Amino acid sequence: MKIKKPAFHSDRSNFFVIMPNLNFGTQDGTQDGTQGNERVQLEDKLILMIRKNAKISIEKMSEAIGVRVRTIKRRIAEMPNVQFIGRRFSGHWEIKED
């Protein structure tokens with residue numbers, strides 16, 4: 001995957017910064033590009049990570065999966081069977097089994 005970097009140009013009186021659109025080419029225009037099947041895969045990964053380590057942080061999940069922290073928080077909020085019990089450092093994740 002090619003990393004898109006800003007381009008800088010200047011002339012005698014102007015300075016230009018050209019920022020590439022990082023959302024170009026995603027399915028729905030969101031930054032993480034998760035939709036449909038990808039969303040289910042992300043939720044499955046989150047559940048597996050929580051089952052493996054109930055004290056895992058959102059930041060660690062984000063690094064392991066490769067999506068933003070905001071995406072992890074949003075997906076977990078949409079999952080009714082997953083909740084965090086306790087406080088930040090002493091708490092843990094619980095998965096409700098139906």
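## Contacts around Ile47

Two residues are in contact here when heavy atoms of theirs lie within 4.5 Å. With neighbours within four places in sequence left aside, Ile47 has contacts with Met79, Asn81, Val82 and Ile95. Bear in mind as you look at it that this is a predicted model.

Ile47 is a residue of helix 1, and its relative accessibility of 15% makes it count as buried, because the cut-off for buried is under 20%. One of its partners is far along the chain: Ile95 comes 48 residues away from Ile47, yet 7.7 Å separates their C-alpha atoms.

## The overall layout

Let's step back to the whole chain. It has 3 helices and 4 strands, and reading along the sequence gives the order β-β-α-α-α-β-β.

Of the chain's 98 residues, 24% count as buried. Taking the contacts between residues at least 6 apart in sequence, 33% join residues at least 24 apart.

## Helix 2 and its two sides

Which residues of helix 2 are buried? They are Ile58, Met61, Ser62 and Ile65. Looking down the axis of helix 2, you will find these buried residues within an arc of 100 degrees, so they line one face of the helix. Turned away from that buried side is a face carrying the exposed residues Lys60, Glu63 and Ala64.

The cover over the buried residues of helix 2 includes helix 1, helix 3 and strand 4. Just after helix 2 comes Gly66, with a positive phi near 90 degrees.

## Helix 3 and what it packs against

Helix 3 spans residues 69-77, and its buried residues are Thr71, Ile72, Arg75 and Ile76. Around the axis they cover an arc of only 125 degrees, which puts them on the same side of helix 3. Arg70 and Ala77 are the exposed residues on the face turned away from the buried side of helix 3.

What do the buried residues of helix 3 pack against? Their partners are helix 1 (37-52), helix 2 (58-65), strand 3 (82-85) and strand 4 (92-95). Helix 2 and helix 3 therefore appear in each other's surroundings: helix 3 is part of what covers the buried residues of helix 2, and helix 2 is among the elements that the buried residues of helix 3 pack against.

## An aromatic pair

Now to the aromatic rings, where the count comes to 2 aromatic pairs. In one of them, Phe84 and Trp93 have ring centres 4.9 Å apart and planes at 70 degrees, so the pair is edge-to-face; the angle for that class is over 60 degrees.

Are Phe84 and Trp93 buried or exposed? Trp93 counts as buried, at 9% relative accessibility, whereas Phe84 is partly exposed, with a relative accessible area of 31%.

## The second largest pocket

Phe84 and Trp93 turn up again in the lining of the second largest pocket, together with Lys55, Ile56, Ser57, Ile58, Glu59, Lys73, Arg88 and Phe89. The space in this pocket is about 190 Å³. How do the residues of its lining divide? There are 5 nonpolar, 1 polar and 4 charged residues.

Ile58, from this lining, is also one of the buried residues of helix 2.

## Two strand residues to visit

Ile85 lies in strand 3 and counts as partly exposed, at 29% relative accessibility. Apart from neighbours within four places in sequence, Ile85 is in contact with Gly91, His92 and Glu94. From Ile85 to Lys55 there are 30 residues in sequence and 9.9 Å in space, C-alpha to C-alpha.

At the other end of the tour is Phe16, in strand 2 (residues 15-18). Phe16 is partly exposed too, with a relative accessible area of 40%. Not counting residues up to four places away in sequence, Phe16 touches Ala7, Phe8, His9 and Asp11.

Definitions and conventions. Residues numbered from 1 in each chain as written. Predicted model: local features only at pLDDT ≥ 70, side-chain atom pairs only at ≥ 80, totals over all residues. Heavy atoms only, no water. Phe/Tyr/Trp six-rings, centres within 6.5 Å; stacked < 30°, edge-to-face > 60°. Buried < 20%, exposed > 50% of the residue type's maximum accessible area, 1.4 Å probe, protein only. Helix = DSSP H or I, 4+ residues; strand = E, 2+ residues; numbered from the N terminus. Arc of directions from axis to C-beta. 1 Å grid on protein atoms, 1.4 Å probe; cavity = no way out; pocket = protein on both sides within 12 Å on 5 of 7 lines; lining within 4 Å. Points joined across faces, edges and corners; volume = space filled by probe spheres on them. Nonpolar A, V, L, I, M, F, W, Y, C, P; charged D, E, K, R; others polar.
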